[in-house]
Amino acid sequence: MNYDVAVIGAGVVGGMVARELTKYKLSTVLIDKENDVACGASKANSGIIHGGFDPEPDTLKAKLNAMGVQKLYATAKALHVPHKNNGSFVCAFSEEEDKTVKELYERGLKNGIKGMSVISGDEARKMEPNLSPDITSVLNVPSAGIICPYELTIAAVGNAMKNGAELLTDFTVTSIINTDGMFTVSSADGRAVSAKYIINCAGCYSDKVANMVGDTSFEIIPRAGQYILLDKKEGARVTHTIFQVPSKEGKGILVSPTVDGNLLTGPTAEAVDCPMCVNTTPDGLAAVQKLAAKSVPSVQFREVITSFCGVRSSEKNGDFIIEESKVQKGFVNVAAIDSPGLSSCVAIAEYTVDILRNMGVELIENTDFDGTREDPHFFRHMTDDEKNEYVKAHPDYGKIICRCETVTEGEIRDAIRRDPKPQDIDGVKRRTRSGMGRCQGGFCKPFVMKLIAEENKTAMENVTKNGKESAMVIGKI
Ligand SMILES: Cc1cc2nc3c(=O)[nH]c(=O)nc-3n(C[C@H](O)[C@H](O)[C@H](O)COP(=O)(O)OP(=O)(O)OC[C@H]3O[C@@H](n4cnc5c(N)ncnc54)[C@H](O)[C@@H]3O)c2cc1C
């Protein structure tokens with residue numbers, strides 16, 4: 001197939017870039033090596049919409065974070081993605097750190113961030129009674145928020161597909177050859193697509209993908225972050241996202257409510273050998289627990305429901321790399337998108353399309369573009385009256401499949417039918433939250449498997465947890 005643009009990598013950045021491209025009359029293909037979207041950093045991160053005070057002024061990170069926050073809130077609303085503007089606190093524990101808080105405030109002003117204030121520890125504790133008595137001052141950032149990062153990615157890709165983009169999964173790009181201004185992008189299994197322009201959004205592998213066109217100008221340094229997620233019983237422990245003053249290693253350990261009502265603690269920041277290093281370790285989780293308790297000592301860690309790890313795609317210069325490759329015309333790197341990449345993703349997408357415009361790509365407006373997504377009708381968000389009404393018209397919404405998260409059969413069937421379609425149990429989990437509660441799928445997994453098998457007209461033996469070798473059952477006895 002021939003396309004105008006091939007976007008490599010269906011994380012939140014590639015998904016938003018593809019969506020932005022469908023605002024114009026361009027044929028677009030979005031490619032990923034996994035069997036679903038949001039399988040890289042975009043599924044395992046803190047889910048924080050950062051206020052924008054942290055990046056060094058005059059960097060791309062500072063500019064796109066500051067521009068991106070309100071754009072992200074507006075896009076999340078249009079796409080029905082769970083999000084909340086809960087505000088963040090950055091906490092100091094000493095006179096030395098009080099100075100850092102003031103510096104962050106000044107830096108935030110330089111970055112154009114509005115509404116921030118420096119408050120005392122006592123003022124902060126009036127708003128958040130569970131904060132440590134040792135906190136001496138706080139940077140209060142009301143514009144910050146929380147969002148579900150994989151739901152955002154799924155929604156962005158779904159919206160891009162609704163507006164004409166195509167999605168190719170299980171397509172591991174192994175070679176890119178440019179002949180007379182046209183790229184041939186080939187996959188490990190022998191498939192190939194052609195495109196006039198390539199946008200490299202391959203996350204931790206973006207350096208490897210750039211290498212395929214001879215671009216060796218940057219190298220990704222993978223950095224892992226481990227988390228502990230706690231049950232909803234702990235979800236109201238704090239209402240703001242609680243940070244500690246950042247260090248050279250990053251933004252430090254946070255304690256935050258999630259949009260789904262859990263409490264998230266983490267992440268660590270550890271150099272790892274490769275982007276596949278997503279194991280949690282006893283030392284990592286112990287560090288998370290210790291540092292989270294420093295900010296909020298009353299967190300009940302016996303309420304842990306799971307732990308996980310995500311890998312950042314960092315680069316030695318510390319800034320995002322978003323530019324046309326200096327060695328290959330028509331090839332744009334959108335690389336080294338570590339934090340605050342989620343907060344900046346809509347601004348990154350617009351900035352990337354501006355680069356194409358400056359490269360001379362003809363951008364004719366797609367007047368049929370519809371930037372909204374249908375409401376996924378999450379049963380748990382409905383009032384009792386809404387539930388009764390909805391079940392009358394949609395009886396399969398009256399049958400609860402996941403008891404912990406109150407997910408209905410109707411939601412699961414709709415999610416399996418909606419673009420981008422999930423291929424396995426984890427894909428359904430990311431779209432509906434079935435299996436994300438305190439039993440972690442212990443009860444609902446067989447029922448979810450049955451629905452996937454029915455919808456895809458296949459046998460239960462063919463339903464996997466997360467593709468490839470992850471079959472759940474091997475046959476009937
Ligand atoms: C621990 C952690 C915490 C973070 N916290 C925050 C936060 O709170 N707020 C915030 O703003 N940002 C945060 N970030 C950063 C944010 O998660 C990232 O900036 C964002 O998810 C990057 O998205 P992406 O699409 O560039 O990368 P990814 O989501 O990694 O997507 C890249 C995609 O490329 C695909 N791919 C790779 N190689 C190939 C190939 N050869 N062929 C085909 N496909 C390929 C991968 O399968 C993957 O799906 C955090 C990141 C981490 C890891």
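**Exercise 1.** In which sense do strand β1 (residues 2-8) and strand β12 (residues 192-200) pair, and over how many bridges?

*Solution.* The model is a predicted one. Step 1: β1 and β12 pair in the parallel sense. Step 2: the pairing extends over 6 bridges. Step 3: the register can be fixed with Y3, which stands opposite A195 in β12.

**Exercise 2.** Determine how strand β11 (residues 182-187) is joined to β12, and describe the connection.

*Solution.* Step 1: β11 and β12 run antiparallel and are joined by 4 bridges. Step 2: S186 has A192 of β12 as its bridge partner. Step 3: the two strands form a hairpin, with 4 residues between them. Step 4: within the turn, G190 has a positive phi of about 95 degrees.

**Exercise 3.** Identify how β12 pairs with strand β20 (residues 331-335).

*Solution.* Step 1: β12 and β20 run parallel, with 3 bridges joining them. Step 2: the bridge partner of N200 is N333 in β20.

**Exercise 4.** What is the strand order in the open sheet of 3 strands, and why is one side of β3 and of β4 left without a neighbour?

*Solution.* Step 1: the order is β3-β8-β4, and the pairing is antiparallel. Step 2: β3 (48-49) and β4 (83-84) stand at the edges; each has a single partner strand, so one side of each lacks a neighbour in the sheet. Step 3: β3 pairs with strand β8 (residues 145-147) in the antiparallel sense over 2 bridges. Step 4: in this pairing, I49 stands opposite G145 of β8.

Terms used. Residues are numbered from 1 along each chain as its sequence is written. This is a predicted model: local features need pLDDT of at least 70, side-chain atom pairs count only at pLDDT 80 or more; totals for chains, interfaces and linings use all residues. Two strands pair if DSSP finds at least two bridges between them.
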